[in-house]
Amino acid sequence: LAPWVPVVGLEIHAQISSNSKLFSGSQVQFAAPPNSLVSFFDASLPGTLPVLNRRCVEAAVMTGLALNCSINKKSLFDRKHYFYADLPAGYQITQQRVPIAVNGSLSYSLCIDNKMSQMVTKTVRIKQIQLEQDSGKSLHDDTRSQTLVDLNRAGVGLMEVVMEPDMCCGEEAAAAVRELQLILQTLGSSQAVMAEGQLRVDANVSVHHPGEPYGVRTEVKNINSIRFLAKAIDYEIQRQIEELENGGTILNETRAFDSKLGCTVPMRDKEGKQDYRFMPEPNLPPLILYDAKSLPANMNHQQVINIDWIHERLPDLPSVKRKKLVEQYGILPEHSFTLLNEDGLAEFFESVVKETLMKPKKVIGWILKDLLSYLKQHSLTVKESPVSSFLLADLLNLLEKKEISSTAAKQVLAELWKGEGKTPLEIVKEQKLELLQDQKELEQICQAVIDGHENEVIMMVLG
Amino acid sequence: MTAWPGQPGRAGPQVRDRVRDRDKDRDRAGALLRPTALSPAAPAANGRPPSWPPCQWCRGVLRQDGGARPPRRGKERGRSAGVRRRRRAGRAMLRASLRQVSAALKEGRVAPTELCQRCLALIKSTKFLNAYITVAEETALKQAEESEERYKRGQPLGILDGIPIAVKDNFNTAGIETTCASNMLKGYISPYNATVVQKLLDQGAVLLGKTNLDEFAMGSGSTDGVFGPVRNPWSYSKQYKEKSVPKSHSEDEESNWVITGGSSGGSAAAVSSFTCFAALGSDTGGSTRNPAAHCGVVGLKPTYGLISRHGLIPLVNSMDVPGILTRCVDDAAVLLGSLAGHDPKDSTTIQDDFKPFELPNLTDVSKLSIGIPKEYHAPGLSSEILALWSKAADLFKNAGAKVVEVSLPHTPYSIVCYHVLCTAEVASNMARFDGLEYGHRSDVKDSTESMYAATRREGFNDVVRGRILSGNYFLLKQNYEKYFVKAQKVRRLIANDFVKVFRSGVDILLTPTTLSDAAPYTEFIQEDNRTRSAQDDILTQAANMAGLPAISVPTALSERGLPVGLQFIGRSFQEKQLLTVAKWFEKQVQFPVIQLEEVKRHDSDVFQHQKSASFS
């Protein structure tokens with residue numbers, strides 16, 4: 001029998017990093033006291049109207065450009081209806097018909113066989129990016145059978161990034177999401193911290209035989225880290241294959257990933273099949289964007305978003321940064337991935353390189369083997385490192401000038417981690433770790449050793 | 001449920017009591033109304049179009065001196081001449097136009113508090129009209145006092161300072177109940193003011209209260225609200241009583257009163273009965289123009305996007321506009337000037353600055369081209385309105401204007417198209433009323449879903465529920481293309497009809513506002529709301545579809561002595577032209593002032609000090 005081919009597509013909700021919500025002036029803030037960031041509009045008080053936040057539109061345009069999308073110069077908002085306690089209006093404002101960005105792509109790399117030395121680059125197509133409102137949060141208190149609603153999150157701007165089913169395993173999906181996360185963080189369009197819910201990933205998974213149509217797919221939700229994303233997808237693929245091989249069928253259902261059990265379980269779907277009764281949002285005119293050509297001459301700047309202007313100001317994306325690192329410093333491509341994977345690590349590396357005589361190729365070893373593993377061991381971010389790039393550069397300079405041995409350098413580094421404010425040179429002096437440069441001094445030391453060990457010397461001379 | 005700042009209050013016991021009292025009063029008022037002795041009505045000219053009464057077309061004969069009728073002998077026996085004079089002056093003041101009373105305030109001939117108190121007293125004595133849902137006596141007096149201070153300091157805020165106004169109860173008013181005449185929002189106190197309300201208050205207007213309507217503005221009679229129907233003040237006018245067929249039994253008086261039209265019937269009745277100088281309505285399919293026509297007042301529906309909808313509880317967002325009800329066209333222009341313009345809180349308002357204008361006195365209409373859309377000769381149009389319409393066309397023609405018949409070919413599809421678009425938006429807009437954040441919440445607690453269902457069943461009347469159901473049906477995935485998208489396309493065709501006609505050189509369209517004069521309540525409720533709305537909106541809602549400005553101007557009295565209005569529809573954002581023409585027309589027709597007959601009430605303390613209730 002032909003092998004099974006898994007197919008994986010992703011729907012990613014990225015919370016837009018903005019001061020205020022998508023359609024209201026309420027502040028956006030993680031972990032604020034419940035219902036402290038709720039405007040009349042967010043609470044859906046009758047008569048309130050949405051007013052689009054310019055910053056959110058710019059973030060979506062930036063993201064769309066970074067993901068090689070075509071930006072729709074005219075996009076529309078729609079209402080998606082369903083009743084839920086944390087959706088006060090009874091509908092979510094989204095972009096179902098004409099989203100802000102379409103037809104993009106995302107290139108990501110992953111290593112084969114867990115060896116960092118063999119990396120392949122793949123591409124997933126981006127179907128669309130749409131702007132939409134986040135919902136509030138429901139907290140179910142089962143013992144008292146009540147539901148508590150926090151509307152702080154209600155109305156926060158989201159970008160929904162829809163990826164085509166171009167992936168085939170958990171590792172690919174994880175690598176794609178990681179790359180997207182890096183892009184969003186580089187752009188600043190989203191903080192994209194999964195643990196804080198700023199990046200939420202749902203995976204659509206199915207399996208089929210080659211040459212046959214796609215199988216029935218399930219949607220896996222409740223995934224809150226990239227590691228779990230890979231696990232959840234791989235579990236679901238395996239489950240579907242086993243189910244089908246045992247003569248079973250796959251239901252088109254929503255499943256939740258249980259991170260403790262490491263498996264997916266069907267989610268209780270109370271309402272059954274939903275008809276969202278989409279309708280154009282009548283309170284928002286079409287969202288019109290301009291480029292340099294179409295920009296009207298006498299229009300209020302506050303009211304105009306120029307795609308070209310945003311394009312020119314896009315920062316270097318991770319792929320470009322990696323390429324530059326490889327070309328400029330001669331490091332291995334896989335090392336450039338590691339450098340970008342940790343927030344601030346590439347910058348750390350670059351400033352060390354700038355301050356030291358040591359070749360970048362050698363510096364990278366210290367960065368990745370020593371600094372990074374220490375930080376990982378102690379669960380520290382690069383910014384929290386007790387050893388600044390200057391201290392490390394000092395140390396590497398001592399090594400490069402052959403004032404200390406590499407063994408001594410490690411000793412000094414170990415001392416530096418303590419963060420007692422000493423310079424590498426002070427530590428070297430204190431612990432007398434210098435290498436001897438003066439031949440006479442060396443001869444004297446040797447002589448002293450010889451003199452102090454007369455018997456041994458005689459024994460050696462005699463053989 | 002955790003509370004958040006600014007959570008609106010729920011109805012407390014006081015509110016409930018007040019509502020009960022209101023109902024009690026209404027019942028009493030209804031039961032005790034009795035016919036007033038009148039001179040026999042002139043025989044109606046049955047079967048043929050009414051002759052054009054010259055007195056209504058030129059100033060002089062009938063209403064030249066409409067205000068200061070001598071008090072009837074015996075009514076004010078025992079009162080001093082001074083008291084009578086003041087009383088007369090006060091009554092005349094209430095009948096003045098907004099601009100006139102504003103001038104009086106400025107010149108110190110009347111004080112804002114006195115004006116406010118007089119309005120409040122009249123609201124009390126005309127309570128049986130049921131025009132108001134909430135009378136904000138305390139805050140109104142406070143606002144009047146503040147206004148008075150400003151006048152004393154010589155620093156009034158402008159033409160609206162101290163002017164008593166009323167607002168339809170589907171506009172949010174901070175601190176004053178906003179009910180939409182629905183159980184769903186009974187007792188709901190909004191934490192914010194609608195932009196239009198805020199603008200009025202910022203200009204010193206005195207907000208007397210909130211006026212009655214059909215529940216959530218869904219209706220054309222102002223008969224389908226939870227606080228009961230609004231009675232047309234003309235039901236109690238000398239003009240109506242003289243002409244309506246005398247009944248043999250006095251009980252029939254009760255069944256004779258006519259509706260105001262709707263859904264802004266409370267606002268129209270309030271302006272018509274002189275309890276306020278201007279009122280806000282809303283207009284989605286004709287809800288301002290229709291009751292304006294039935295109540296003999298001016299009803300303006302501005303261009304969509306000219307006035308902010310922020311704070312107007314929506315019916316159909318893409319068609320709703322705040323409407324203006326006034327005694328005359330000039331007053332409508334004043335209100336428009338104070339309300340129009342961009343609102344950052346409503347993205348559908350125009351960005352351009354709006355410049356308030358004063359209306360010129362048009363002397364020459366020869367450059368005007370008036371279009372008469374033949375499709376508005378709709379089935380059911382009464383012969384007398386048809387006759388009035390052609391009289392009006394002749395009026396323009398005789399004054400030198402070009403009057404041309406035009407065609408708006410898609411008009412007949414307008415109502416059914418409107419029905420689909422309206423119910424779809426209603427279904428969506430009403431989704432927020434789930435009992436969680438505000439408004440009515442059912443006691444049913446079996447599950448969130450059952451609570452939703454019970455809340456909405458208890459909170460909405462049949463009309464609202466019916467529209468929600470059909471709207472959701474039209475929005476279902478399998479129906480969306482078939483109904484909603486098709487209706488949108490038809491809407492575009494209807495809008496294009498207007499564009500073509502205006503492009504052909506026509507400046508203003510002249511049409512009837514309603515098919516007939518106001519129906520007696522008992523007759524009106526024979527048909528259901530949907531049928532009624534379809535009939536009553538037929539001449540008005542195409543302007544909403546196209547977003548165009550339109551105004552109903554009181555034109556003449558029908559054979560039954562009830563007001564009839566004609567409608568002018570203008571080009572988008574060409575309100576000045578529209579109102580200028582309307583003002584010219586208004587001047588020509590000299591619509592008679594309502595002569596409100598005394599309403600005798602045997603045991604009402606409210607009327608004890610108001611024996612002479614004939615305030616015409």
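Trainee: How many salt bridges does the rule find across the interface of domain 1 of chain A and domain 2 of chain A?

Mentor: The rule, which asks for a side-chain nitrogen of Lys or Arg within 4 Å of a carboxyl oxygen of Asp or Glu, finds zero salt bridges across the interface of domain 1 of chain A and domain 2 of chain A. This is a predicted model, in which local features need pLDDT of at least 70 and side-chain atom pairs count only at pLDDT 80 or more, while totals for chains, interfaces and linings use all residues. Residues are numbered from 1 along each chain as its sequence is written, and side-chain values use heavy atoms, with hydrogens and water left out.

Trainee: What area is buried between domain 1 of chain A and domain 2 of chain A?

Mentor: The size of an interface is often given as the accessible area lost when the parts come together. Here, with a 1.4 Å probe and the loss summed over both parts, about 530 Å² is buried between domain 1 of chain A and domain 2 of chain A, and carbon and sulfur atoms give 58% of that area.

Trainee: Where do the two domains of chain A lie along the sequence?

Mentor: An automatic or database domain assignment supplies the bounds, placing domain 1 at 5-288 and domain 2 at 328-431 of chain A, and their centres, taken over C-alpha atoms, are separated by 38 Å. Six residues of domain 1 of chain A are in contact with six residues of domain 2 of chain A, contact being heavy atoms within 4.5 Å.

Trainee: Is A:Gly157 buried or exposed?

Mentor: A:Gly157 counts as buried (under 20% relative accessible area, 1.4 Å probe, protein chains only) because its relative accessibility is 0%.

Technical notes: Chains lettered and ligands numbered in written order. Buried area = accessible area lost by both parts, 1.4 Å probe. Buried < 20%, exposed > 50% of the residue type's maximum accessible area, 1.4 Å probe, protein only.
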